[in-house]
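Let's take a walk through this one together. Have a look at the model first, and then we'll go through it piece by piece.

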There are 2 protein chains.
Amino acid sequence: MKLTSKGRYAVMALVDLARFDNINPVSLRDISLRQGISLDYLEQIFSKLKKNQIVKSIRGTQGGYILSKKPNEIKLTNIFHAVDEKVKTVQCKKDSKKGCNGKATKCITHNLWDELENHINSFFEKKSLEDLLKSNKEHRY
Amino acid sequence: MKLTSKGRYAVMALVDLARFDNINPVSLRDISLRQGISLDYLEQIFSKLKKNQIVKSIRGTQGGYILSKKPNEIKLTNIFHAVDEKVKTVQCKKDSKKGCNGKATKCITHNLWDELENHINSFFEKKSLEDLLKSNKEHRY
DNA sequence: TCTATACTTGACCATTTTAGTCAGGTATGT
DNA sequence: ACATACCTGACTAAAATGGTCAAGTATAGA
């Protein structure tokens, strides 16, 4: 199981943004340069972040993005959800009443994967953008 | 982030195996039928499990596989490691002294992903095959 | 000894996902 | 008007996934 770069980039970009948006909006170009992420790719990501009300955009010269909420109100869950980075441990259809793998019942490890999903998601629900900012104040990058 | 079916199948198959290997070896054909997993695919998986000393094979008629160790000595970590289901949250090369994304330093979220990896791995290190057997004794599948 | 069963190995492949790029646009501050 | 920066959608190369297929080898039982 691996984290996709879309999810990673989204978090990296938002941490970067959060550190600089106190006064002025931050342009994707700046984030792109500082974080080494392709500008075109960032635009895709921010389009989703905007749709999910995590950031607001300001167009025109001196434009850019700002956070829609306070850093402590933005959890990793929200970010990942916005960019479709979801935790999936089972292939089974949720809608059908049927079990996994075409069987009539749930597969013998179904509960295990549910536990795992909860375990991972609880991590994402606890961590906010503010937490990440704090743990970054010590070392400069 | 999602679990691959190779990892899921490995665990499903081993739980199935553990429930039936008290007296005789269990054939992949039986596991295939009970769990609805392709026989050819199971063979690939068990080849890896064998290389990692998680199961032993017995050839010929009435042959099959048996566990190499007691169920409480086989952790999910061991199983996942055997079938190359690894938890990867960063793309960065571990060998180089360089940072992530071509930068000179670690990316600003590097510590976060390390934390996440540890969080997930600790789940896998706690769970043994025996735990899964127990939680399955209640309901029959 | 013959044969069915079951493990063993390695090559192959279609589909999906990933990680972007590219090519246009539109809005706005100066 | 023009440079900056957001906005949108189409496109794509490469890798990973989730298998299948073919051709074995070993062994128990008739």
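The buried residues of α5(B) pack against α1 (5–20), α4 (76–82), α5 (110–126) and α6 (129–137) of chain A, together with α4 (76–82) of chain B; contact here means heavy atoms within 4.5 Å. Helices are DSSP runs of H or I with at least four residues, strands are E runs of at least two, and both are numbered from the N terminus. Which residues of α5(B) are buried? They are His110(B), Leu112(B), Trp113(B), Leu116(B), Glu117(B), His119(B), Ile120(B), Phe123(B) and Phe124(B), where buried is under 20% relative accessible area (1.4 Å probe, protein chains only). As for the helix itself, α5 of chain B (residues 110–126) has 17 residues and should span 24 Å at 1.5 Å a residue; its end C-alpha atoms are 25 Å apart, which agrees. The expected span is 1.5 Å times one less than the number of residues.

A word on ground rules: this is a predicted model, so local features need pLDDT of at least 70 and side-chain atom pairs count only at 80 or more, while totals for chains, interfaces and linings use all residues. Residues are numbered from 1 along each chain as its sequence is written, chains are lettered from A and ligands numbered from 1 in the order written, and side-chain values use heavy atoms, leaving out hydrogens and water.

Now to the DNA. Strand D is surrounded by 26 residues, the closest being Lys50(A), Ser57(A), Tyr65(A), Ser38(B) and Arg59(B); a residue is near if one of its heavy atoms lies within 4 Å. Those around strand D divide into 6 nonpolar, 14 polar and 6 charged. Of the strand D atoms within 4 Å of the protein, 58% belong to sugar or phosphate and the rest to bases. On the backbone side, an N or O atom of Leu28(A) sits 3.1 Å from a phosphate oxygen of strand D. A base nitrogen of that strand is 3.5 Å from a side-chain N or O atom of Thr61(B).

Over at strand C, there are 24 surrounding residues, and Ser38(A), Gln44(A), Arg59(A), Lys50(B) and Tyr65(B) come nearest. Sugar and phosphate make up 59% of the strand C atoms that come within 4 Å of the protein. Phosphate oxygens of strand C lie 2.5 Å from a side-chain N or O atom of Lys50(B) and 2.7 Å from one of Ser57(B).

Technical notes. Polar contact = N/O pair within 3.5 Å; in protein donor to acceptor, adjacent residues only side chain to side chain. Nonpolar A, V, L, I, M, F, W, Y, C, P; charged D, E, K, R; others polar. Buried < 20%, exposed > 50% of the residue type's maximum accessible area, 1.4 Å probe, protein only.
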